[in-house]
Structure formats: structure tokens, C-alpha cells
Amino acid sequence: AVVSTQSGHYGRGVLPESYEPRLFHIQKQWNNRKITCTQIGLKKANYTDNDVFILDLGDHIFQINGDSCSHDEKFKAAQEVSRIKGARGKARNETVEGCPFDDPRIGPHFKDGEKKEKPAASEFGGNKLFVISDNDGSLDMDPVEEVSKDSLNSDNVYVLDSENAVYVWIGSGASIDERKNGMSYACNYLAKTEYPWKPITVIAQGKENAAFNGAW
């Protein structure tokens, strides 16, 4: 496979050791010419040379261009990769031409299995805020009624679902379990939404960036 590389360093990044790999399918819908971006399972059967795919590993993002994909699909995928990097803060991206399964950095993330795609996403419905806390003895993620920075408590971890990104805010006094599981809770939450491709960024209390502050 032919590979081109571009690195980005824009402040604080995700925690790769706690990031769950995600695969996105960039496809032109020939009935209405619309190009969709849909999260799909990491299965070899989901790959096709006709389209473009994005493998998001947290600190490393691969754009995989199928041999027969269109220019429009490549352009849309590049936009999505740029958007993920911009919201995350720090990530490296590469473009891979052709089937990637022989690449030792990519192939092991794919499993054998039948194709099962998720439905296309619909419009975002507004900011949501969740708290991840073990204050009552069990670790849970619960919705917060008031979606405001004033609701953030340094003893907990919070997940902010904003229009362009999801943020995992780590309070300075959060417990070890809360810190360790914040990303997993955010990924599991996103997988059940209609916009599972949305980038996730970890923000430590006191290290809030402009993107996070502007998301409220």
C-alpha cells in the first residue's frame, strides 16, 4: 500500500491507552449523490475498494482510500479527519491507498465476521452533559439536568456531548476508577447515538482549551 503521512500537534490530546478504535465508512449514495459518514464494525467484510474508510485509533488516524473510490469520497474523508484532529488537539494522520490488511499497524484491528452496518446519522439534537461518579459506591454515568460549566464538580468526571465533539472532562479530585473509565463510558455512549463518528477529546481540569470552552 502507498502511504503518505502528516502530523498534527495542537495542544493536549487523547489518552491512547484508553481509546477504543473506531471505523468510519465514507460512501457516496448514488440515489441522491449525498456522501455519508457512518460508523461500522471493525470487520474485514465491511471493507470495499469502492469507498473510503477512516480508522480512528485515538492518537493515530488512518484514511484508507479504496482503489475504486471517488474523488468526492476522498475529499469528504479528508474533511472528517481534519475535523477530528481539530477537535481532539493532538493526533497523527496518514493516508493509505488500497486494501490495508497487510499493514501491521492496521490489519490486527480488523476481525473476521459478517457485514453489519449501522444506520446513517441524523441531525444533532443539542448539548448533553453526563456525570461519571462512584460517590455512591458504584460507578455510573448519569445525565446532568443543567448543561452548564457551573455543573462541573472537581470530584467527578463529566462527558459533554456538544455539536462538533464529545469531551471527557477529568476533575482534579476524580477517583482512579472515574479517570480510567471516562473514555470507555464516552465511547459506549456514542456507539448508541445516531452520530457515533463524533471525535472524543479528554480535558483535564485546569487545562481547558478554546474548543472546550466554546462548546457550551
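The questions and answers below concern a predicted model.

Q: In what order do the 5 strands of the open sheet stand?
A: Strands of a sheet pair through backbone hydrogen bonds, either parallel or antiparallel. The open sheet of 5 strands shows mixed pairing. Its strand order is 8-7-9-10-11.

Q: Which strands stand at the edges of this sheet?
A: The sheet has the order 8-7-9-10-11. Each edge strand has a single partner strand, so one side of each is left without a neighbour in the sheet. The edge strands are strand 8 and strand 11 (200-204).

Q: By how many degrees are neighbouring strands of this sheet turned against each other on average?
A: The value is an average over neighbouring strands of the sheet, with direction ignored. It is 20 degrees.

Q: How many bridges join strand 7 to strand 9?
A: Strand 9 covers residues 157-161, and strand 7 and strand 9 run antiparallel. Within this pairing, Lys-128 has Asp-161 of strand 9 as its bridge partner. The number of bridges joining the two strands is 5.

Q: Which residue of strand 8 is the bridge partner of Phe-130?
A: Strand 7 also pairs with strand 8 (residues 140-143), in the antiparallel sense and over 4 bridges. Along these strands, Ile-132 stands opposite Met-141. For Phe-130, the bridge partner in strand 8 is Pro-143.

Q: Which residue takes a positive phi in the hairpin of strand 7 and strand 8?
A: This hairpin has 6 residues between the strands. The positive phi is near 100 degrees, and the residue that takes it is Gly-137.

Q: How many of the 6 residues of strand 7 are buried?
A: Strand 7 spans residues 128-133 and is mostly covered. A residue is buried when its relative accessible area is under 20%. In strand 7, the number of buried residues is 5.

Q: Which element gives the most to the largest nonpolar core?
A: In soluble globular proteins, nonpolar side chains tend to be buried together. The largest nonpolar core here has 29 residues, and those with the most contacts inside it are Ile-54, Val-159, Val-168 and Ile-200. Elements that each supply at least two residues include helix 1 (71-88), strand 7 and helix 2 (176-191). With 5 residues, the element that gives the most is helix 2.

Q: Is Cys-187 buried or exposed?
A: Cys-99 is partly exposed, with a relative accessible area of 36%. For Cys-187 the relative accessible area is 7%, and the limit for a buried residue is under 20%. Cys-187 is therefore buried.

Methods. Residues are numbered from 1 along each chain as its sequence is written. This is a predicted model: local features need pLDDT of at least 70, side-chain atom pairs count only at pLDDT 80 or more; totals for chains, interfaces and linings use all residues. Side-chain values use heavy atoms; hydrogens and water are left out. Buried means under 20% relative accessible area, exposed over 50%, partly exposed in between (1.4 Å probe, protein chains only). Two strands pair if DSSP finds at least two bridges between them. Axes are lines fitted to C-alpha atoms, for helices over the stretch in contact, and angles run from 0 to 180 degrees between N-to-C directions. A nonpolar core is a set of buried Ala, Val, Leu, Ile, Met, Phe, Trp, Tyr and Cys residues joined through side-chain atoms within 4.5 Å.
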